[in-house]
Amino acid sequence: TSKETYRKNPKRKLVDYYRRQERTAQATPKWVDKSELLKIYEEAGRLSEESGIPHEVDHIIPLFHNLVCGLNVPWNLQILTQTQNRKKANKWTPPT
């Protein structure tokens with residue numbers, strides 16, 4: 001559905017991209033070691049290249065959610081396949 005929306009309105013994709021960039025920047029504390037974040041993204045790229053299966057970096061606790069907002073820090077990131085990440089979407093389940 002989002003592919004169809006973006007196909008019909010390419011400017012919307014650009015706006016969504018910049019909004020995500022802004023949210024990510026706001027969720028990244030000044031004290032975080034950005035090289036540690038980069039290592040995780042590089043590992044996702046390496047896994048994609050080696051396996052031929054697209055991998056993405058996911059925020060375990062979403063950056064933007066109606067119940068909670070996570071941070072862009074290494075311990076809130078996980079590498080998932082693209083399929084797993086799209087299935088998870090912006091969902092979050094509170095710990096029991």
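Let's start with valine 73, which is buried, with a relative accessible area of 1%. Keep in mind as we go that this is a predicted model. Where along the chain does valine 73 lie? You'll find valine 73 in the loop between strand S1, residues 55-59, and strand S2, residues 77-81. So we have a loop residue that counts as buried because its relative accessible area, 1%, falls under the 20% cut-off.

Which residues is valine 73 in contact with, once we leave aside its neighbours within four places in sequence? Those are Pro29, Trp31, Val32 and Leu37. Now look a little further along the chain, to threonine 83, ten residues away from valine 73. The C-alpha atoms of these two residues are separated by 23 Å.

Two of those contact partners, Val32 and Leu37, come up again in the next part, the core. The largest nonpolar core has seven residues in all: Val32, Leu37, Ile40, Ala44, Val57, Val73 and Leu77. Helix H3, residues 34-51, gives the most to this core, with three residues. Let me pick out isoleucine 40 from that set. Not counting residues up to four places away in sequence, isoleucine 40 touches Val57, Pro74, Leu77 and Ile79.

Next, please find glutamate 56, in strand S1. Is glutamate 56 buried or exposed? Glutamate 56 counts as buried, because its relative accessibility is 16% and the cut-off for buried is under 20%. What do we see around its side chain? One polar contact, of 3.2 Å, joins the side chains of glutamate 56 and glutamine 82. Another, of 2.7 Å, joins the side chains of glutamate 56 and asparagine 85. Setting aside neighbours within four places in sequence, the residues in contact with glutamate 56 also include Ala44, Gln78, Ile79, Leu80 and Arg86.

Asparagine 85 takes us to my last stop, the largest pocket. How much space lies in the largest pocket? About 930 Å³. Of the 20 residues that line this pocket, Tyr6, Arg20, Arg23, Asn85 and Arg86 are the closest to its centre. Four elements give two or more residues to the lining: helix H1 (2-8), helix H2 (10-26), S1 and helix H4 (82-88). H2 gives the most, with five residues. And what is the lining made of? Its residues divide into seven nonpolar, four polar and nine charged.

To recap, we went from buried valine 73, through the seven-residue core and glutamate 56 in strand S1, to the largest pocket with its 20 lining residues. Thanks for listening!

Notes
Residues numbered from 1 in each chain as written. Predicted model: local features only at pLDDT ≥ 70, side-chain atom pairs only at ≥ 80, totals over all residues. Heavy atoms only, no water. Buried < 20%, exposed > 50% of the residue type's maximum accessible area, 1.4 Å probe, protein only. Contact = heavy atoms within 4.5 Å. 1 Å grid on protein atoms, 1.4 Å probe; cavity = no way out; pocket = protein on both sides within 12 Å on 5 of 7 lines; lining within 4 Å. Points joined across faces, edges and corners; volume = space filled by probe spheres on them. Nonpolar A, V, L, I, M, F, W, Y, C, P; charged D, E, K, R; others polar. Core = buried A, V, L, I, M, F, W, Y, C linked by side-chain atoms within 4.5 Å. Polar contact = N/O pair within 3.5 Å; in protein donor to acceptor, adjacent residues only side chain to side chain.
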